[in-house]
Amino acid sequence: MNITCCRTELWHYAQAYIVLAGISEGGKNMSFLNVKVMNLAVLLCLCVACFGRNENLQERLFLSSLGLSSRPKPAAQFPVPSLLWKIFKGTKTPEFSVQDNDPCTVSEFGVRGNIVRFVQDQGRTLSVSSGPCPSCVEKLLFFNVSVLETAEQLTFAQLEIRFKQDFYPLSARAGGQAVYSMSLWKVLKATLKGVSPEMSRKLLLSQSVRLTPGSITLSLTDVVKAWRKPGRNYGLVLALRPDDDAAAAHPSQNAMFPEFHASFPEFRASLVVVSLNPLQCRSRRRRSALYLPVTPSNVCKPRRLYIDFKDVGWQDWIIAPQGYMANYCHGECPFPLSESLNGTNHAILQTLVHSLDTVGTPQPCCVPIKLSPISMLYYDNNDNVVLRHYEDMIVDECGCR
């Protein structure tokens, strides 16, 4: 049944009873029926309120397990990086469950982890196209790594710099010699007014790069680990300027394509962070596709249940999957328990006692005894794209307990 429809119907019933009570109360004397109707109306209103609170509580508990403070509302849905799509699709192939005994390993980076985040840059441009260097750009990069939960163990971090696509044709016309000198500094502390910024920076990298389609990646695992300590994250400064040696080697091209050398390269930076939450990773074999029989039976077994995230209003922040076959357990645990019902010794004795005393002793319950995980791709509360391996999402087997 649709939860929203159920709650709406309850509310309509409550309103109807209130109206009925109001009509009855319009008489001179309030009869016993009036009291009963009024009490029922109040009870229905309380049920509606409690139902809504319980629904919100369940949602908050689930979101909390994903490391989310509330339901995400992406302001700008950034495109999903191709690498995340590759990892997500790789976890869904049949070969994955056969060849990989540890689902909490990100093979693309060769590290342990069950959460992959693309953290968006929240920095700002410091200087661009200034004076003698119209093609120079200097930008502060800031990545909010506080989105990592305390229990998460950071195992890998990588800076990815992707240049704007429309810069490549211009570079190709200039003979493909778009070579820039790139410098990357770690900001150690806030810069005081009147103090040279270089005094509060530490040079991490200085090299020549060629602006070609694709991205430039730099390992920053140790830097990001240090950022997790309070008051240590002041960001990075990335500076790009045309390589003087390359420009001197091709003076004719400089004169032939002045629009290229008068422009500066625009780019987008993101931080790829892989972390391991040991509380949500039990390192067991991931199941292959499970097909449940549709034959009718009242015996305890898994039943089909497809959860569509659109039905619960989560389609705006969950990217993939759009839904999944969650299943549920239902059925009786009759005496005597057969091996197919996966009963414990306690359940076997309980069914025996139940057969002798059906009123005083209930039957064992039909519950999940084996569950498997899924991978979810979604936006978090900071508009970062996250790929997360999430345990105990699919019922594979049921048993009597």
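In what order do the seven strands of the open sheet follow one another? Reading across it, the order is 9-6-11-3-18-17-14, and the pairing is antiparallel. Strand 9 (215–219) and strand 14 are at the edges; each has a single partner strand, so one side of each is left without a neighbour in the sheet. On average, neighbouring strands here are turned by 30° against each other, direction ignored. Please keep in mind, as we walk through the sheet and beyond, that this is a predicted model.

Before going further into the sheet, let us step back to the chain as a whole. The protein chain has 401 residues, and 41% of them count as buried. Its secondary structure comes to ten helices and 18 strands. Among contacts with a separation of 6 or more, 76% are between residues 24 or more positions apart. As for the surface, the chain exposes about 22300 Å², and carbon and sulfur atoms supply 57% of that area.

Now back to the sheet, where strand 11 (residues 267–276) is a good place to stop. On one side, strand 11 pairs with strand 6 (residues 153–163) in the antiparallel sense, over ten bridges. Two facing pairs can help you find your way along this pairing. Arginine 162 stands opposite arginine 268 of strand 11, and leucine 159 has leucine 271 as its bridge partner in strand 11. Strand 3 (residues 115–120) is also joined to strand 11, by six bridges, and these two strands run antiparallel as well. Here you can look for glutamine 120, which stands opposite serine 270 in strand 11.

How enclosed is strand 11 by the rest of the structure? Nine of its ten residues are buried, so strand 11 is largely enclosed. To put that in terms of the cut-off, a residue counts as buried when its relative accessible area is under 20%.

Next, some details of the backbone. Most residues other than glycine have a negative phi, and most peptide bonds are trans. Against that background, a few places are worth a visit. One is aspartate 392, which has a positive phi of about 55° although it is not a glycine. Aspartate 392 belongs to strand 18 (residues 385–400), and strand 18 sits between strands 3 and 17 in the sheet order we began with. With a relative accessible area of 37%, aspartate 392 is partly exposed.

A cis peptide bond can be found between alanine 320 and proline 321, with omega about -5°. Proline 321 lies in the loop that runs between strand 14 (318–320) and strand 15 (323–325). Strand 14, you may recall, is one of the two edge strands of the sheet.

Which two special backbone features does the loop between strand 16 (328–330) and helix 10 (345–356) hold? Proline 336 is found in this loop, and the peptide bond leading to it from phenylalanine 335 is cis, with omega near -5°. Asparagine 342 has its place in the loop between strand 16 and helix 10 too. Although asparagine 342 is not a glycine, its phi is positive, at about 50°. Asparagine 342 counts as partly exposed because its relative accessibility is 27%.

Notes. Residues numbered from 1 in each chain as written. Predicted model: local features only at pLDDT ≥ 70, side-chain atom pairs only at ≥ 80, totals over all residues. Heavy atoms only, no water. Helix = DSSP H or I, 4+ residues; strand = E, 2+ residues; numbered from the N terminus. Buried < 20%, exposed > 50% of the residue type's maximum accessible area, 1.4 Å probe, protein only. Contact = heavy atoms within 4.5 Å. Areas by Shrake-Rupley, 256 points an atom, 1.4 Å probe, with all protein chains shown as cover. Pairing = 2+ DSSP bridges. Axes fitted to C-alpha atoms, helices over the stretch in contact; angles between N-to-C directions.
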